[in-house]
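Student: Please take one part of this structure and examine it closely for me. I should like to know where it lies, what surrounds it, and how the rest of the chain may be read in the light of it.

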Amino acid sequence: MTATHHDMANAIRFLSVDAVQKANSGHPGMPMGMADVATVLYTKFMKYDPKATKWADRDRFVLSAGHGSMLMYSLLYLSGVDDVSIDDIKNFRQMGSKTAGHPEYGHVDGVETTTGPLGQGITTAVGMALAEKMLNARYGNDIVDHYTYTIAGDGCLMEGISQEAISMAGHLKLNKLIVMWDDNEICIDGNTNKTLSDDQCARFEASGWDTQKIDGHDAAAIEAAIAKARKSDKPSLIACKTTIGYGAPTKAGTHDVHGAALGAEEIKGMREGLGWHHAEFEIPENVLEAWRSAMAKNSAARESWQGRLNKLDDATRAEFNRIMSGELPAGWEDALNAFKKKMSEDKPKLATRQSSGKTLEVLTAAIPEMVGGSADLTGSVLTKTPSTASVTNTDFTGRYIHYGVREHAMGAVMNGFALHGGFIPYGGTFAVFANYMMGSIRLSALMGTRVGYVLTHDSIGLGEDGPTHQPVETLAMLRSMPNFYTMRPCDVVETAECWAIAVKSAKTPSGLILTRQGLPTLRTTHTDENLCAKGAYVLAEAEGGARKVTLMATGSEVEIAMKARDMLQADGIPTAVVSMPIWELFDEQDDAYKASVLGEGTVKVGVEAAMRFGWDQYVGSDGGFVGMKGFGASAPADQLYKHFGITAENVVAEAKARL
């Protein structure tokens, strides 16, 4: 007997409720409610080959409402993705299982991005859709022509980041982005009328989207709506009116079905009501075959695409394959080393934001897949180069995104670029606004995306803008993030080395913490070796005897440490200066190297225009520290350094007090 749409959708529903019931943990309501929409999307429209989950021209699907993860896992299993077995479904939310509580990129094939923090998914999808547009402008419809679909819930649309995403996508006319909103009127606290009265369709339309309203349980209506959305010249919202927990006899349509197992009796009644007379985790052969055959047709589309790719000239095909693989082009390091050598010879005095801008000129010329941008601060963060023309809604051949004042979205969109493939994104804002986009930064680190965060105006050194813009706590916050490189270079040479590390780090995002004020070139002897790659190194060794004092600093305070060293040396106290631009990499070095840098048995003083938090691991609890003890103030930078005591004289005093 041929399986019906009803049968195929119920396969999602019962895999979901059985998995949540077995785990006694999870969110069954959304998969139950959106099963009809997901079934139509996958079996009628998704260009996705389950046997080639990394196919470059596949459609992307993002489950923005990541709490409904059993919808994702059910789709992957039913579609025939080899990496998801029925045993994986049974092990939902268990230790070591691929099927985690929320979909996690890299844990299982077919999950395009980690979701769960609401609003991140829909915004990451904007990045994927934009990446598709830009690659299409470079390679044409024969090679790049796919859609990005996302299922979003009420919570996704409540989060502020969603407005940034909606506005940006509408402005850029990302017409291959289709959002299916699970309009079930339920949130954790109960009915959504407790929290909002928005007209979501009017909201999207105001930002330049097409919208439709449908019955999310009517297969024909779902199919017609998606078909119409695919023909639009705008991004599309399909408001799918659904019943959360569809099929549950007493809990459907209530918040009780959102985030808890249904219970054995409720599931028994659901089986009877929906006519699903099968044991738990059992999918009838005809239903599984209907799913597998519907998805198998995409192998022909993939093979046809491969044929078109093979017909490209050798150079074009090789370049496409290179950028999609994430491999860097030949020669880029030679160009950067030549730049480093020139800077060591010229010894310019530059703010490290300027040093970053000059480095980016070299890198974006040598690495064509680098795509820059800023959150309406281009002239301050210096992320635009002669190689990166602006992307507009009529010309996607450029390489620079004007994100507007949308820091949070910028981070998520960059994640979308990195996950889609074909681009290495970087974007800039003031360091203090890292707080605004921490949700996106955290997902960059969790997923291991190659994203560069350019974070300038990094301390009281920015001066008159005052404590609202002086990020005294931000370094500690970023350094506490696993799998994230917090880079604070002291001059143009270190800045170039930090950028080299960021570009090479395919599975670790980086934050370049850069100054507004000018700094001298301290690295005046050239070496092709990347000294920053070890995280910290001896910039100036003690002279006139065994080292007695070790001064450690980052960024703009390395200059102060060097002046303090001169004063201590003049007093006959052998003193070394250690530059510590990337703590995370230093912590990875062997004990012998760390001991040689830190100077065992020496007086240790840390110097940084930020809070002490984190420094004790290097200077010890009894070590000295010259830095901030609270928020900053509004005044010229030189006056602020004196006011807060971040001076060479105070560094000397800290050291001498411990001799």
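Tutor: A residue is called buried when its relative accessible area is under 20%, exposed when the value is over 50%, and partly exposed in between. Please keep in mind that the model before you is predicted. The part I have chosen is strand β3, which covers residues 177–183.

Let us apply the cut-off to this strand. Seven of the seven residues of β3 are buried, so that under the 20% limit the strand counts as mostly covered. Now consider the directions of the side chains. In a regular strand, the side chains alternate between the two faces of the sheet. In β3, Leu 177, Val 179, Trp 181 and Asp 183 point one way. Ile 178, Met 180 and Asp 182 point the other way, and the residues of both groups are buried. You will notice that the list of buried residues includes Asp 182 and Asp 183 beside names such as Leu 177 and Trp 181.

What are the partners of the strand? β3 pairs with β2 in the parallel sense, over five bridges. In this pairing, Tyr 149 stands opposite Ile 178 of β3. β3 also runs parallel to β7, and six bridges join these two strands. Here Asp 182 stands opposite Cys 240, a residue of β7. The strand thus has pairings with β2 and with β7.

We may next look at the residue before the strand. Lys 176 forms a salt bridge with Asp 145, and the closest N and O atoms are 2.4 Å apart. This pair links distant parts of the chain: Lys 176 belongs to the loop between α7 (160–172) and β3, while Asp 145 belongs to the loop between α5 and β2 (148–152), 31 residues away in sequence. Lys 176 counts as buried because its relative accessibility is 14%. Asp 145, at 30%, counts as partly exposed.

The other neighbour, β7 (236–241), leads us to a charged region. The loop between α9 (219–230) and β7 holds Asp 233. With a relative accessibility of 57%, Asp 233 counts as exposed. It belongs to a patch of negative charge on the surface, where it gathers with Asp 198, Asp 199, Glu 205 and Asp 210. Compare this with the strand: Asp 182 and Asp 183 of β3 are buried, whereas Asp 233 is exposed.

How many salt bridges does the model contain? The count comes to 31. Another one of them joins Lys 98 and Asp 88, whose closest N and O atoms are 4.0 Å apart. Lys 98 is in the loop between α4 (86–90) and α5 (120–139), and Asp 88 is in helix α4, with 10 residues of sequence separation. Asp 88 counts as buried because its relative accessibility is 14%, whereas Lys 98, at 29%, counts as partly exposed. These two residues and Asp 83 are linked in a network of salt bridges.

A further example lies later in the chain. The side chains of Lys 656 and Asp 571 meet in a salt bridge, at 2.6 Å from N to O. Lys 656 is in helix α26 (residues 648–656) and Asp 571 is in the loop between α21 (557–570) and β18 (575–579), so the bridge ties together parts 85 residues apart in sequence. Lys 656 is partly exposed, at 37%, and Asp 571 is also partly exposed, at 46%.

Finally, two loop residues deserve attention for their backbone angles. Most residues other than glycine have a negative phi. Phe 281, however, has a positive phi of about 65°. Its place is the loop between α10 (264–274) and α11 (285–296), and with a relative accessibility of 8% it counts as buried. Asn 483 also has a positive phi, near 55°. This residue is in the loop between α19 (474–479) and β13 (485–487), and at 35% it counts as partly exposed.

To return to our starting point, β3 is a strand whose seven residues are buried. It is paired in the parallel sense with β2, and it also runs parallel to β7.

Technical notes. Residues numbered from 1 in each chain as written. Predicted model: local features only at pLDDT ≥ 70, side-chain atom pairs only at ≥ 80, totals over all residues. Heavy atoms only, no water. Helix = DSSP H or I, 4+ residues; strand = E, 2+ residues; numbered from the N terminus. Buried < 20%, exposed > 50% of the residue type's maximum accessible area, 1.4 Å probe, protein only. Patch = residues over 30% accessible without salt bridge, like charges linked within 9 Å, V, L, I, M, F, W, Y side chains within 5 Å. Areas by Shrake-Rupley, 256 points an atom, 1.4 Å probe, with all protein chains shown as cover. Lys, Arg positive; Asp, Glu negative; His and termini not counted. Charge placed at Lys NZ, Arg CZ, Asp CG, Glu CD. Pairing = 2+ DSSP bridges.
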